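These are my notebook entries on a single chain, written down in the order in which I looked things up. I began with strand pairing and went on to rings, charges and two single residues.

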Amino acid sequence: MKKLIAVLTVFVLLCAVSPRAGALGVSARSAVLIEADSGNIIYAKDENTRRGMASTTKIMTAIVAIENMPLDTVVTVPAQAAGVEGSSVYLKAGEKITLEALLYALMLQSANDAAETIAYAVGGSIEGFADMMNAKAAELGLKDTHFENPHGLDGEEHYTTAYELALIAAYALKNRTFADIVSTEKKMIPANGEIPARFLVNHNRLLRTFDDVIGVKTGFTKRCGRTLVSAARRDGVTLVCVTLDDGNDWQDHRAMLDYGFELYENVSLAEKGEFSFELHVVGGQTDTVEAVNTDELSVVLAKQRGEIEVKTELERFVYAGMPAGSRVGRVRFFLDGKELGEVPLHTVREVAKKTVRHGFFKK
């Protein structure tokens, strides 16, 4: 069938938003602030330079583990992981512990022994797990990220950029398990036999000082300096902030996040049933049938933006006998030539075919 395309254009104030605004005096060597859903850059400072990431590495460690092993899997701590240098929850060689508990130790306490235990359990070895991390980086389209280990201790070929680390975090936050873990302030790992209970406190103090912060991970080595990935959500807008080598990271992150919330908003493009059309019916008991959008659609956009264009694509007519809920078109939304999304149009009821009455013929 031919399609009739109607175009409705809604005009909004025209003004560009600079991703390199000079209003923020961020002290990090590299920094970036992105809108999580789109990956659009709101603020950036040397965001594409390769640098060490320290324990923010564990964001990738966690998401790779979550995607490849059930949380209730009971893991045996290998001797190689017990006593690893750096932050630790003092795992014992031969100790039995669930992957879920290891993930909380990893992301709250930044435990390097938990990181290595996860690597051996999921990847078979440190090298094998690093290969899985690098495969995930490639899957995400990252070109300037490479992992040598699951914990972030310094390595010559262990690096990322502020922007690519933000993309990793934004991806991981879409996983409900990951998001729940990194937003947890405190967690108790119960005692197990001779192993005492472990009380974990999240190193990310932004969680305890700001209501809108939902994660993500701190890091530090002498070589990398202080690294921090944070995320915050307000009124339907989620932002991810990254700083690499920043001695003033807590203050910088709050300033960057507030800056982003001033510039971006959640915009409703379509409420359920907002778009309604009458379609001509061929061969039906009624001449028309209504088609509406049954889905809602909202997107995060800059408050100051170009024009939004709404295009409706709809069948010119339908044949009777089509069941209720049949898709007969869509409404598409564009901003500056880029498609923001679409909602399908479906018939609200079935249209019965016209009854044909046959006469009686005499012999």
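**Entry 1, strands.** I first looked up how strand β9 (residues 225-234) is held to strand β10 (residues 237-244), and I found eight bridges between the two, which run antiparallel. I note here that the model is a predicted one. For R234 I looked up the bridge partner in β10, and that partner is V237.

I then followed the pairing outwards and found that β9 and β10 belong to an open sheet of five strands, in the order β3-β2-β10-β9-β8, with antiparallel pairing. The edges are taken by β3 (41-45) and β8 (213-221), each of which has a single partner strand, so one side of each is left without a neighbour in the sheet. As for the twist, I noted that neighbouring strands of this sheet are turned by 5° against each other on average, direction ignored.

Which helix lies across these strands? I found helix α8 (residues 249-263) there, lying across β2 (30-35), β3, β8, β9 and β10, and its direction is at about 30° to β9.

**Entry 2, aromatic pairs.** A pair of rings is described by the distance of the centres and the angle of the planes, and I searched on that basis. The structure holds two aromatic pairs. One of them is formed by F275 and F333, which I recorded as edge-to-face, with 6.0 Å centre to centre and 65° between the planes. This pair links distant parts of the chain, since F275 sits in the loop between β11 (264-270) and β12 (276-282) while F333 sits in strand β17 (residues 327-335), 58 residues apart. Are these two residues buried or exposed? Both F275 and F333 came out as buried.

For F317 and Y319 I read a centre distance of 5.7 Å and an angle of 90° between the planes, so this pair is edge-to-face. F317 is partly exposed, at a relative accessible area of 27%, and Y319 is also partly exposed, at 47%.

**Entry 3, charges over rings.** I next looked for charged side chains placed over ring faces. R254 lies over the face of F210, at 4.4 Å from the ring centre, and K311 lies over the face of F334, at 4.9 Å from the ring centre.

**Entry 4, M107.** I located M107 in helix α2 (residues 99-108) and read its relative accessibility as 2%; the cut-off for buried is under 20%, so M107 counts as buried. Which residues does M107 touch, if those up to four places away in sequence are not counted? I listed K58, I59, A62, F178, I181, V182, N202, V216 and K217. I also looked up the separation of M107 from A36, and the two are 71 residues apart in sequence and 20 Å apart in space, C-alpha to C-alpha.

**Entry 5, K136.** The last residue I looked up was K136, which I found in helix α4 (residues 126-139). Its relative accessibility is 9%, and K136 therefore counts as buried. What does the side chain of K136 join through polar contacts? I noted a polar contact of 3.0 Å with the side chain of E139, and another of 3.0 Å with the side chain of Y171. Leaving aside neighbours within four places in sequence, I found K136 in contact with M60, V64, E67 and Y171.

Notes. Residues are numbered from 1 along each chain as its sequence is written. This is a predicted model: local features need pLDDT of at least 70, side-chain atom pairs count only at pLDDT 80 or more; totals for chains, interfaces and linings use all residues. Side-chain values use heavy atoms; hydrogens and water are left out. Rings of Phe, Tyr and Trp (its six-membered ring) pair if their centres lie within 6.5 Å; planes under 30 degrees apart count as stacked, over 60 as edge-to-face and the rest as tilted. Buried means under 20% relative accessible area, exposed over 50%, partly exposed in between (1.4 Å probe, protein chains only). A charge sits over a ring if NZ of Lys or CZ of Arg is within 6 Å of the ring centre and within 35 degrees of the ring normal. Contact means heavy atoms within 4.5 Å. A polar contact is a pair of N or O atoms within 3.5 Å; within protein, one must be able to donate a hydrogen and the other to accept it, and residues adjacent in sequence count only if both atoms are side-chain atoms. Two strands pair if DSSP finds at least two bridges between them. Axes are lines fitted to C-alpha atoms, for helices over the stretch in contact, and angles run from 0 to 180 degrees between N-to-C directions.
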